Structure formats: structure tokens, C-alpha cells
Amino acid sequence: MNREKTTAIEEANDIMLVRSPQRGRATVTHAVVVIFLEFFAWGLLTTPMLTVLHETFPQHTFLMNGLVHGVKGFLSFLSAPLIGALSDIWGRKSFLLMTVFFTCAPIPFMRISPWWYFALISISGIFAVTFSVIFAYVADITEEHERSTAYGLVSATFAASLVTSPAIGAYLSAQYGDSLVVLVATVIAVADIAFVFFVVPESLPDKMRTSWGFPISWEQADPFSSLRRVGKDTTVLLICVTVFLSYLPEAGQYSSFFLYLRQVIEFTPAAIAAFIAMVGILSIIAQTLFLSVLMRTIGNKNTVLLGLGFQLFQLAWYGFGSEPWMMWAAGTVAAMSSITFPAVSALVSHCASSDQQGVAQGMITGIRGLCNGLGPALYGFIFFLFNVELNDMQPVAGRPPQRAEKSMIPGPPFLFGACAVLFALLVAVFIPDQHRSADVKTCRTGAASSSSAHAQSAGPLATPTSDAEDIEPLLQDSSL
């Protein structure tokens, strides 16, 4: 009996050491730094990206932009469950290093070869699931009651990385050219990879992972398998439908909104950078201050409904707005809509056992990945369908700059998104405020089982968060 007690105490101490903020131990700070550096590097490329995109695809730019990011998102959807499940067994650090490397790999090719740049962006979707691994990392080192706050911190960090980086990138591009911007972004990306390799510790205790074999079944790696299981629990089905309907328009918006601001609303590069900074700062405030206050006062479900309401208002304003001031006003509303996904994560994170966080994050990232594939392609097609196209990025000497061709509705894809969010709002109304019995039973069963396939069946019920993303933060890598 004494030996059993001693063993139990040692195991508890090991887990607490992993969660403690001592030097050499995993902390939320490590996750925050990784996210900040990765998306700061991409934020620098906002202005050069717009130019390279139009130069590479002068015809049907919106459509081609949607297809490029659509392929990336769909590949992310296919790979996310496998990477999440493997990280539950082999640890987070190696997969975090892999995802950061492949997400940043296309950056230097923007100047080397634009065609290779866009090809690598599409292919990088196989490993572009940094948020999935980061949220599993955070779940490993935080207690259940701390996770919603930690998720909000990561989301706010994402927004913070984009507060100044687009403005810095636009300034460097205007003063020294795009090549210097790409070089700086590449250096920051390399620094991020080095930080993960040399500084970031493993968050998953040794006793919860193994370094041999390949204990993953096809059932676990099949993203459609997890989606098929969603319908077995009514509450989980409602949450997943809400996430899908609300994130689908966001994914499309992220992939095309900067192009839309510059060519349809005629924002200057400096105005775009200022817009991103404003929305980023407001998102930080919303996801750190307002989120915690709202969840304590009105509860998780009502916070989700409030966030969806802000998103609906924001998308409708984008759709009908035709003047710059309307975009600025709608941007303030967009910042408040970023509270939705951290609140969703608080509804379901209690279902995931400590050894299934990667699977759970992989599943929710899979849903987001599906949206990241469908959303950009859908938005690009709607722009094309309504004949919203780009003309000259810069005026030709002796000729005034041309505006993008306009339809009766300035932003038809955003109105489609508003309709989707309206349906998401109606679905979210029916989500129970508390739903622990069936979910917890299923999740705990999956944690106790030694079968990987059975553990995967708990995954859909254990979606601790979503964005990233992304949570999700206001912006994400596909927008860049």
C-alpha cells in the first residue's frame, strides 16, 4: 500500500512539474512566443503579398487566391487528425517544430519564384496546423479551469503579432523594396524555428508517450471518420455545426479581405496596415478583458451567442459598406466577434482527458481546415460570379488609377457569410448550457482505453478549442 501511495505521489509530482513555470519546464509563455514570431513574420508580408498575388495572377485574382488557400485548407483538414493523434503519443515538440517549419517554408520563395511560393503555400497545408499543436501544448500544462483564459491569451497573442507587423512591412517595402521585407520575414521565421528547437521544452510527460512503433490506425487518421461520429451526440453536433457555419465565412474573409480593401474600397497600403493594427489591438482587449468578464457574468453559451451576433453585424456591414469609414466601423465590431471561439472551447474542453488533447485539437482543427478549404474557394467564386475583379494595382503614367469593377452589392460574399452566421446563431441557441454526463463519460472511457481507435472516438467530443485560427483570432495565416 505504501509503495502504491509513493508511486502515485511521484506521478502527481511529475505532472505538476511539467505544469510549473520553472526554468526548463513547459509554460504558456513558450506557446505565446512561438505563435507571435510565426505570424509576425507573415504579417510583414501583407503588402508584398498583394503585389505578388496580382502580378502572378493578373486575371481572376480573387478566384485564384481562393483556390490557392482552398487547397491549403483542405490539406490541413486531411492531415490535422493524424498530426494531433501522433502528438498525443510521441510528444508535442517534434510536431510543433515540423508545423512551424513547413508553415514558414514558403516565405523566401516569394522573391525566389512566385509560382513556387504559391505552390508551397498550397502544399504546406499538410503541416500548417500550428494552432492544433499549440492548443494541445497549452492543455498539457494548464488545469481545466485555466484553459479558457490560456486559449484567450494565445488568441490575443496572435492578434498582437499583427498589430505592428503589416505597418512595418509596408514601410520597409516603400523605403527599401519587397526583397528586404521578405528577408526580414525569413530571418524571423528562422528565429522561430530555432526557438522551438533549442528553447521550447516538451509538454507531454514521458509516461504518457512512447517513442517506438506506429500505434495509429487508419480510423484515427481519417478526418471524415471523426466527422461521421459527430452526429452520435446531439450537443456535440450542435457545437460542430455552429463552428462550421461561423468559421466558413471567416475563412473566406481572411483569404480575400485585404485585396478587397485595397482594390474595391481603395485603401492604401498604409491604411490597410493601420486597419490591421486597430482591429488587432481591439481583439487583444476583447479576448483578454471582455472575454473573462463576459464568461463570468453571462456564461459560456451566452458569450458564444454574443460573439456570433457581433460577427453577423460585421459581415453584413462589410457586404453593404462601400466607403472607407464603414470598413473602419465594421472593424471594431469584428474585434468583438473574436470572443466566439474561446467561449466555444470552454463549453467542450472539459471532455478531453489529459492524454487526448492532441486528438481533440486535431479534430477541431480538422473542421477549421475544412472551412479553410471551402471558404476561400467559395468567396473567390462568388467574387468571380458577381464580376468583382482587380484591375491595375498601380496607376500607369498619364492615366488615372482604375477602380475594381463593381456590382450592385459591393461585397456579395460577405452577405453570404452573414446568412451563414445567422444560421449558426440559430443553431447555437439550442446548445445546452451544461452538458457533462454523456460527453464526460465518453471522453473518460476513451482515456482509460488502451485502444487508439477507441481513444479517437472520444476525440469529436473533446474539441477544446478552435481559434486560429484560430480561438479564433481575428486574422490568420491564410489571410496573408
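This is a short dialogue on reading helices, packing and burial in a predicted model.

Visitor: Let us start with one helix. How many residues does helix H5 have, and what should they span?

Guide: The idea is to compare an expected span with the one in the model. Helix H5 covers residues 93-104, which is 12 residues. At 1.5 Å a residue they should span 16 Å. The end C-alpha atoms are 17 Å apart, which agrees.

Visitor: Which residues of H5 are buried?

Guide: Buried means under 20% relative accessible area. In H5 that applies to Phe-95, Leu-96, Thr-99, Val-100, Thr-103 and Cys-104. They cover an arc of only 150 degrees around the axis, so they sit on the same side of H5.

Visitor: What do the buried residues of H5 pack against?

Guide: Four helices. They are H2 (28-44), H4 (61-90), H8 (130-141) and H10 (178-198).

Visitor: Take one residue from H2. Is Glu-38 buried or exposed?

Guide: Glu-38 is in helix H2. Its relative accessible area is 1%, so it is buried.

Visitor: Which residues does Glu-38 touch?

Guide: Leave out residues up to four places away in sequence. Then Glu-38 touches Val-100, Thr-103, Cys-104, Thr-130 and Asp-192. Val-100, Thr-103 and Cys-104 are among the buried residues of H5. Along the chain, Glu-38 and Ala-191 are 153 residues apart, but their C-alpha atoms are separated by 9.2 Å.

Visitor: Now pairs of helices. At what angle do H2 and H9 pack?

Guide: Read the angle, the axis distance and the hand. H2 and helix H9 (residues 147-176) pack at about 30 degrees, with axes 8 Å apart. Angles under 35 degrees count as roughly parallel. H2 and H9 are therefore roughly parallel to each other. Their crossing is right-handed.

Visitor: At what angle does H9 pack with H14?

Guide: About 165 degrees, with the axes 8 Å apart. That makes H9 roughly antiparallel to H14. The crossing of these two is left-handed.

Visitor: Which residues of H9 and H14 meet?

Guide: From H9, they include Gly-152, Ser-155, Ala-156, Ala-159, Ala-160 and Val-163. From H14, they include Ala-273, Ile-276, Ala-277, Gly-280, Ile-281 and Ile-284.

Visitor: What does Leu-153 of H9 contact?

Guide: Look past neighbours within four places in sequence. Leu-153, which lies in helix H9, is then in contact with Val-28 and Val-32. Leu-153 is partly exposed, at 39% relative accessible area. The C-alpha atoms of Leu-153 and Ile-284 are 8.3 Å apart, with their positions 131 residues apart along the chain.

Visitor: How are H4 and H7 placed?

Guide: H4 and helix H7 (residues 114-123) pack at about 30 degrees, with axes 7 Å apart. They are therefore roughly parallel. Val-68, His-69, Val-71, Lys-72 and Leu-75 in H4 meet Phe-118, Ile-121, Ser-122 and Ile-123 in H7.

Visitor: Where is Thr-47, and what does it contact?

Guide: Thr-47 is in helix H3 (residues 46-56). It is buried, with a relative accessible area of 11%. Beyond neighbours within four places in sequence, Thr-47 is in contact with Ala-170, Ser-173, Arg-262 and Pro-269. Ala-170 and Pro-269 are also listed where H9 meets H14.

Visitor: What about a loop? Where is Glu-266?

Guide: Check the backbone first, then the exposure. Glu-266 is in the loop between helix H13 (234-263) and helix H14 (269-297). Its phi is positive, about 65 degrees, although it is not a glycine. At 40% relative accessibility, Glu-266 counts as partly exposed.

Visitor: Is Ile-141 buried or exposed?

Guide: Ile-141, in helix H8, counts as buried at 5% relative accessibility. Its C-alpha atom is 6.6 Å from that of Ser-203, 62 residues apart along the chain.

Visitor: One last helix. How many residues of H16 are buried?

Guide: 10 of its 14, so H16 is largely enclosed by the rest of the structure. Among them are Met-326, Met-327, Val-333 and Met-336. As for length, helix H16 (residues 324-337) reaches 20 Å from first C-alpha to last, close to the 20 Å expected.

How values were computed: Residues numbered from 1 in each chain as written. Predicted model: local features only at pLDDT ≥ 70, side-chain atom pairs only at ≥ 80, totals over all residues. Heavy atoms only, no water. Expected span 1.5 Å × (residues − 1). Buried < 20%, exposed > 50% of the residue type's maximum accessible area, 1.4 Å probe, protein only. Arc of directions from axis to C-beta. Contact = heavy atoms within 4.5 Å. Axes fitted to C-alpha atoms, helices over the stretch in contact; angles between N-to-C directions. Parallel < 35°, antiparallel > 145°, perpendicular 65-115°, else oblique. Left-handed = near helix turned anticlockwise from the far one by under 90°.
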